[in-house]
Amino acid sequence: MRQPHIIDRSRDQHFMREALALAAEGALLGEVPVGAVVVQDGVIIGRGFNCPISGSDPSAHAEMVAIRAAAQAVSNYRLPGSTLYVTLEPCSMCAGLIVHSRITRVVFGATEPKAGVVQSQGQFFAQPFLNHRVLFEGGVLGEECGAMLSEFFRMRRAKG
């Protein structure tokens, strides 16, 4: 049986930096720079960055890609005891996947005021109809995560 999760700020920042590096990879491909890693027992078991444009796949958000990779890595569609680190607050599609995959904790960087459903819009994980509770923490390296997104969109607008 897994031990209860203990929050370690330096560990959270370390894994968020890994997610930021993945976001930067996506930006180089012209994707919105969002990166994610799934960590279990201190080891990254899944990595992903946004790739809906390059993959012609509307579901290819960073969280989806990382969770799919993690599930394949452990040969199980359930990921109990794992933490998802993502540079941007998850949307409703990704929040649903997080619940279905039984991820224990979500740590995100920047808030997403328009479509983020963890704390910005709707507080999805607090809904009483859910059969799994997800712990979450926002704002980890939030300034860096937000700055990467802002710079990406500034450059995109400048190109016309």
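# Close-up views of a predicted model

**View 1. Helix H3, its buried residues and the turn that follows.** Directly after H3, Arg102 adopts a positive phi of about 65°. The model shown here and in every other view is predicted. Within H3, the buried residues are Cys94, Ala95, Gly96, Ile98 and Val99, and the elements against which the buried residues of H3 pack are H2, E3 and E4. Cys94 also belongs to the annotated set of View 2, since the UniProt entry, which is unreviewed, lists Cys94 under "binding site".

**View 2. The annotated site at His61, Cys91 and Cys94.** An unreviewed UniProt entry carries the annotation "binding site" for His61, Cys91 and Cys94. Although these three residues span 34 residues in sequence, no two of their C-alpha atoms are more than 9.3 Å apart, so they gather at one spot. From this set, His61 and Cys91 are part of the lining of the second largest pocket. His61 is placed in the loop between strand E2 (43-49) and H2, and with a relative accessibility of 22% His61 counts as partly exposed. Once neighbours within four places in sequence are left aside, the contacts of His61 are Asn50, Cys91, Met93 and Cys94. Cys91 sits in the loop between strand E3 (82-88) and helix H3 (92-100); because its relative accessibility is 17%, under the 20% limit, Cys91 counts as buried. Not counting residues up to four places away in sequence, Cys91 touches His61, Glu63, Ala115 and Val117.

**View 3. Helix H1 and the elements that cover its buried face.** Helix H1 (residues 9-28) comprises 20 residues and reaches 29 Å from its first C-alpha to its last, which is close to the 28 Å expected at 1.5 Å a residue. Its buried residues are Asp12, Phe15, Met16, Ala19, Leu20, Leu22, Ala23 and Gly26. Seen down the axis of H1, these buried residues fall within an arc of 165°, so they line one face of the helix. The cover over the buried residues of H1 includes strand E1 (35-40), E2, E3, strand E4 (105-110), strand E5 (135-137) and helix H4 (142-159). After H1 comes Gly30, which has a positive phi near 85°.

**View 4. Ala70 in helix H2 and its contacts.** Ala70 is a residue of helix H2 (residues 62-74), and at 0% relative accessibility Ala70 counts as buried. Which residues does Ala70 contact when its neighbours within four places in sequence are left aside? They are Val38, Ile45, Gly46 and Leu79. By way of reference to another part of the chain, the C-alpha atoms of Ala70 and Asp8 are separated by 22 Å, with these positions 62 residues apart along the chain.

**View 5. Aromatic pairs and an aromatic cluster.** Over the whole structure, a search finds five aromatic pairs. One of them joins Phe124 and Phe125, whose edge-to-face arrangement has 6.0 Å centre to centre and 70° between the planes; both Phe124 and Phe125 are buried. The rings of Phe152 and Phe153 have their centres 5.2 Å apart and their planes at 80°, so this pair is likewise edge-to-face. Within this second pair, Phe152 counts as buried at 13% relative accessibility, whereas Phe153, at 30% relative accessibility, counts as partly exposed. A single aromatic cluster is formed by Phe124, Phe125, Phe129 and Phe136.

**View 6. Positive phi values at Ser56 and Gln123.** Most residues other than glycine have a negative phi. Ser56, which is not a glycine, has a positive phi near 45°; Ser56 lies in the loop between E2 and H2, and at 68% relative accessibility Ser56 counts as exposed. Gln123, also a residue other than glycine, has a positive phi of about 50°. Its place is in the loop between E4 and E5, where Gln123 is partly exposed, with a relative accessible area of 37%.

**View 7. The span annotated as a deaminase domain.** Residues 10-137 are covered by the annotation "domain: CMP/dCMP-type deaminase", which comes from an unreviewed UniProt entry. In the predicted model, the end C-alpha atoms of this span lie 14 Å apart, and the span is 32% helix and 23% strand.

Key
Residues are numbered from 1 along each chain as its sequence is written. This is a predicted model: local features need pLDDT of at least 70, side-chain atom pairs count only at pLDDT 80 or more; totals for chains, interfaces and linings use all residues. Side-chain values use heavy atoms; hydrogens and water are left out. Rings of Phe, Tyr and Trp (its six-membered ring) pair if their centres lie within 6.5 Å; planes under 30 degrees apart count as stacked, over 60 as edge-to-face and the rest as tilted. Buried means under 20% relative accessible area, exposed over 50%, partly exposed in between (1.4 Å probe, protein chains only). Helices (H or I, at least four residues) and strands (E, at least two) are DSSP runs, numbered from the N terminus. Contact means heavy atoms within 4.5 Å. UniProt positions are given in the numbering used here, feature names are shortened, and annotations may be inferred rather than shown by experiment. On a 1 Å grid over the protein atoms alone, a cavity is a set of points where a 1.4 Å probe fits but cannot get out, and a pocket is an open set with protein on both sides within 12 Å along at least five of seven lines; lining residues have an atom within 4 Å of a point. The expected span of a helix is 1.5 Å times one less than its number of residues. The arc is that of the directions from the helix axis to the C-beta atoms.
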